[in-house]
Amino acid sequence: QSENSDKSSAESDSETEVEQVSVYHKLLATLKTSPESESEEEEDESESEEAGESEAEMDSEGSQETGEADGGEEDKNDVPEQEEGTTDTAEQTLGQEQADGADTSCDPSREVIEEFTDVKHESEFSLETNFMEEESGDCNADKRDSNSSQAFSEDPFKQHMDKELEEKEVEKMSTLPKTSSQSKWPRLGQLTFSSTLEKHKTLKADKEVDVKQLYLHKPLESTWPKVNKQYLSSMNKPSDPFFTPLQRELFCIMNTYRDLFYPERNASTNGEEIQHAYCLHALNHVLKANAQVLSNNAKRRDQKPGPDNDDYRDQGLTRPKVLMIVPFRECALRIVHIFISLLEVNEKRKIDVSNKKRFKGEFGFDPEEKPPNLKRPEDYEAVFAGNIDDHFRIGVAILQKSMRLYAPFYSSDIIIASPLGMRTIIGAEGEKKRDFDFLSSIEILIIDQADIYLMQNWEHVLHLMKHINLLPLEPHGVDFSRVRMLNLNNWSKYYRQTLLFSALQDPQINSIFNKHCFNYMGQVAVRNVPLSGSISHVVVQLPHVFRRLEAENITSVIETRFQFFINKVLPEYRDAIMSHTLIYVPSYFDYVRLRNYFKKEDLNFTHICEYTKKGGVCRARRFFLKGEKQFLLLTERFHFYKRYVIKGIRNLIFYELPTYSHFYSEICNMMKATDSGADATWTCTVLYSKYDAQKLAAVVGIDRTAQMLQSKKDVHLFVTGEN
């Protein structure tokens, strides 16, 4: 297809257009019909964009109680203010996005209208006007593939993209439920394979990998072992110098083009090796797709004039093939560095990276900006390393020995963005300036660190999923004679592979995988159950009372929980003896409701959420420590972004089980910071329902969870240290 329609560079072949005029207009008519209008209303109360916005400051207070600052306890307009910048930014950016392909709107210091046409690189990175370099290994690889029908047919990329689905198969996928089977792999553990179409052959874990069987595109075959060397321990057998055991099993699944959900990503342990594995897969896909287009360009150039040949259908309706969703700029920086390393064969053969300096300036991080003396848990340090701005998007174009950063989206092969970065360009129903056509032909969607989006704004992820793989509203200069039939049939979503990585199992994340992924190849989900639970890491001697509430259905849980709390739990804590009570609230909406109720009842309380100003946080912590306030309401997002130690806790109430299971032990262990000497009076109460089974298992372990869900009674556990 042709590049960005704003560009005046060579678009589609004029002789093709003359011959295909009627077909072109028919297709254009279908494209200009707007897809189903989205009827969803945008929530005014999307509560988390600000929560992660200025965390780089990470105030240098540490866990000191002093340093009272100006500002009230909390912004009164803490909910509505979040979406303020969304629509404005979308309008400012859209015109510029096409010229710049970048996120200038995300940087207030940069002028909104910025000339960045980059004409030189536009023609250099055009897929339509370039050909395979004769001397390059890529060309030889392509010839080798075309000469060998066996190699041609066994390449997973070719198998996946060349398969022609029948209408009855598509109908089957749309209507019938998936059938599933279980398997246990050495490193990944319990896997669930599911598919709607006829059962595929069972996938087994490879103990050793023959790199030739992976069909890696050059130069990846030679560069991958060097790039990945840092993760290969001395324990690895010499026969597998390519992957760690985890990478081998993950890549084995990725390379079959099945969807994958891996909920055991840990930022401080396996996060980077997983990132390397999916970067290899994404780059391998893009290089193969582009090599196919360039090779067909040469064949078309050399063929005699005549009717168009369907053999050259090798691209989508728009150029972007891979969309990578990551939470912070630091993640995007690492991904681009991995891509560069994988494309550089050796020191002598450096690849040409355009706009590298600008990229480093906007996505890099000055270590001196980090406040000193901040002691935080290891997982916190790993998640919030580097530049943690969460509003960005960047297009990347890759062609043979060159990479172009800040490519316009319609000239990009890969788009790396945050959910907020995507949300501000996709826009909302009714907005004049919005664009999501560039998502029409995404072939691989990678959502990394999905759990963090629960702490940012999950609505942005859902909004993205509703706008991916829709028919474009404009043609964007595409040469329809080169577009695959699967794209013209609007079947792109059945070919899209989704790779989803998270630190935890969560119903909302599961819903994305189950309801928004339609890959005809099927899905693989890792489903290991926690044996011990995070309660085993509680180091203070503490009675844990798990109080069960009965809800008729999942939609009534919120109301049932509130009524249960104010009628049965809170009365037990109103007595002045039960002072120093911290109430941990995962949902911001529940927090607002409880705060309003406490104010109405005139209870002696203070409160801290992700929007509370620094001075308000200091005061609230001091009042609570000294006992001047009996209750402290604390949101989960505040704990996620700050990890302050709250001193003075004697009674703990978990209004709902925490999203991250290790937060349970972290909050409980804060009690050891209380120098009261009255350990026997400490209490911990947890509210749960049968719909909290996943979170409950992560806290108390699978065996206890099964017993607790069967008994339907309150459960008393007494934990002594590591038991």
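## Exercises on a predicted model

Gln-497, Leu-499 and Phe-501 point one way from strand β10, Thr-498 and Leu-500 point the other way, and all are buried. Keep this strand in mind as you work through the exercises, and remember that the model is predicted.

**Exercise 1. Work out whether β10 is largely enclosed, and which strands pair with it.**

Step 1. Start with burial: 5 of the 5 residues of β10 are buried, so the strand is largely enclosed by the rest of the structure.

Step 2. Now look at one partner. Strand β9 (residues 444-447) runs parallel to β10 (residues 497-501), and 4 bridges join the two. Within this pairing, Ile-446 has Leu-499 as its bridge partner, and Ile-447 stands opposite Leu-500.

Step 3. Turn to the other partner named here, strand β3 (residues 259-262), which pairs with β10 in the parallel sense over 3 bridges. Here Tyr-262 stands opposite Phe-501.

**Exercise 2. Place β10 in its sheet and find the strands at the edges.**

Step 1. Follow the order β1-β2-β11-β3-β10-β9-β4-β8-β6-β7-β5, in which 11 strands form an open sheet with mixed pairing. You will find β10 between β3 and β9.

Step 2. Go to the two ends of that order. β1 (179-185) and β5 (352-354) stand at the edges with a single partner strand each, so one side of each has no neighbour in the sheet.

Step 3. Add the twist: on average, neighbouring strands of this sheet are turned by 15° against each other, direction ignored.

**Exercise 3. Describe how helices α12 and α13 pack.**

Step 1. Read the geometry. Helix α12 (residues 329-343) packs against helix α13 (residues 356-363) at an angle of about 150°, and their axes are 9 Å apart.

Step 2. Interpret the angle. Values over 145 degrees count as roughly antiparallel, and α12 and α13 are therefore roughly antiparallel to each other. Their crossing is left-handed.

Step 3. List the residues in contact. α12 contributes Arg-329, Ala-332, Leu-333, Val-336 and Ile-340, while α13 contributes Lys-356, Phe-359, Glu-362 and Phe-363.

Step 4. Sort them by class: the contact has 6 nonpolar, 3 charged and no polar residues.

**Exercise 4. Decide whether helix α15 is enclosed, and find what follows it.**

Step 1. Check each residue of the helix: Pro-419, Leu-420, Gly-421, Met-422, Arg-423, Thr-424, Ile-425 and Ile-426 are buried.

Step 2. Draw the conclusion. With 8 of its 8 residues buried, α15 (residues 419-426) is largely enclosed by the rest of the structure.

Step 3. Move on along the chain: Gly-427 follows α15 and has a positive phi near 70°.

**Exercise 5. Examine the backbone at Pro-219, Asn-469 and His-476.**

Step 1. Recall the background: most residues other than glycine have a negative phi, and most peptide bonds are trans.

Step 2. Inspect the bond between Lys-218 and Pro-219, which is cis, with omega about 5°. Pro-219 lies in the loop between β2 (189-195) and α9 (220-228).

Step 3. Go to the loop between α17 (458-466) and α18 (485-488), where Asn-469 is placed. Its phi is positive, near 60°. Buried means under 20% relative accessible area, so Asn-469, at 4% relative accessibility, counts as buried.

Step 4. Finish with His-476, also found in the loop between α17 and α18. His-476 is not a glycine, yet has a positive phi of about 55°. At 10% relative accessibility, His-476 counts as buried.

Terms used: Residues are numbered from 1 along each chain as its sequence is written. This is a predicted model: local features need pLDDT of at least 70, side-chain atom pairs count only at pLDDT 80 or more; totals for chains, interfaces and linings use all residues. Side-chain values use heavy atoms; hydrogens and water are left out. Two strands pair if DSSP finds at least two bridges between them. Axes are lines fitted to C-alpha atoms, for helices over the stretch in contact, and angles run from 0 to 180 degrees between N-to-C directions. Angles under 35 degrees count as roughly parallel, over 145 as roughly antiparallel, 65 to 115 as roughly perpendicular and the rest as oblique. A crossing is left-handed if the near helix is turned anticlockwise from the far one by less than a right angle, and right-handed if clockwise. Contact means heavy atoms within 4.5 Å. Ala, Val, Leu, Ile, Met, Phe, Trp, Tyr, Cys and Pro count as nonpolar, Asp, Glu, Lys and Arg as charged, and the others, Gly among them, as polar. Buried means under 20% relative accessible area, exposed over 50%, partly exposed in between (1.4 Å probe, protein chains only).
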